[in-house]
Amino acid sequence: MATPALGNELTPDSGAVSFRGLLQSADGHPGEFAVEAALDGGNFSGRATIAIAGKHLEAELVEARSYLENGKCILYLEQGRTRFELRGRCDGEQFGHQGSGAFDAYFDGEGQLRGDMTGSTSLGGMPPQSVRTESISIPTGKLTCAWQEVHISAEASVPNEYLIAYSMMVTLTLAPDGTYRTASASGTYAVAADKILLTSGAFAGAVGTLELDRSGEPAVVFHKAENRDRDGLQRIDPETTDCTLAN
């Protein structure tokens, strides 16, 4: 039986461990990764999912090249001639922290891609609320997208006014073939764990999270903190955008 890690450290026999995080290529493309693995004898085994720059890769970790060494995690996967390596400082809570996170990839027929990454670590696997389950599937119908606009009152006795504003997307439809459509634009998307990544079109770079809305139906939420571009501007709307099934 695997020995659990002590405190905040990863040990060579930590057992089940999961990683989730964000990627940013050197040429500005955002992405996501998710890894479910076991750490035994200093080596990782398991499976990883990568989505970045319109590319999607899901494959087993190569055990001989996926390991823990001197407080750093190296995770390597390949599929044919395509290969992807994640590396950085790691402990029981963080992966790639303090500016140490990086990735190096080669996509068959498209060339190299490098950049930075940062993520989180969970021992024993990700908590249920952080993992996309069968109950939170990709919505197949047309979603209506909106955000909450706040009108600040100039008088202390008058409360602020909260209004629902239509998103710049207005609607969002995710097709099974990996394409999306809004009221006036279209493009492609990829899936990584519980994230929907819009990889081309007018909203390329936007990151949505699969969640259940108040009625229990699947929805896509574009959280404000995850949707800033390199200049700090929002990729879609000024605030968090909720895309829920249209009535």
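**Exercise 1.** Which residue's side chain meets the side chain of lysine 55 in a salt bridge?

*Solution.* The structure is a predicted model.
Step 1. The partner of lysine 55 is glutamate 110, with an N to O distance of 3.4 Å.
Step 2. Lysine 55 belongs to strand β4 (residues 55-60), while glutamate 110 sits in the loop between β9 (102-107) and β10 (111-123), so the pair ties together parts that are 55 residues apart in sequence.
Step 3. Lysine 55 has a relative accessibility of 16% and counts as buried, whereas glutamate 110, at 57%, is exposed.

**Exercise 2.** Find where arginine 20 and glutamate 36 lie, and say whether each is buried, partly exposed or exposed.

*Solution.*
Step 1. The two side chains form a salt bridge of 2.7 Å, N to O.
Step 2. Arginine 20 is in strand β1 (residues 15-25) and glutamate 36 in strand β2 (residues 30-40), so their contact joins parts 16 residues apart in sequence.
Step 3. Buried means under 20% relative accessible area; arginine 20, at 14%, is buried.
Step 4. Glutamate 36, at 35%, is partly exposed.

**Exercise 3.** Decide whether arginine 81 and aspartate 108 meet the distance rule for a salt bridge.

*Solution.*
Step 1. The rule asks for a nitrogen within 4 Å of a carboxyl oxygen.
Step 2. The closest N and O atoms of arginine 81 and aspartate 108 are 3.9 Å apart, and the pair forms a salt bridge.
Step 3. Arginine 81 lies in the loop between β6 (72-79) and β7 (82-89), and aspartate 108 in the loop between β9 and β10, so parts 27 residues apart in sequence are tied together.
Step 4. Arginine 81 is exposed at 56%; aspartate 108 is partly exposed at 42%.

Notes. Residues numbered from 1 in each chain as written. Predicted model: local features only at pLDDT ≥ 70, side-chain atom pairs only at ≥ 80, totals over all residues. Heavy atoms only, no water. Helix = DSSP H or I, 4+ residues; strand = E, 2+ residues; numbered from the N terminus. Buried < 20%, exposed > 50% of the residue type's maximum accessible area, 1.4 Å probe, protein only.
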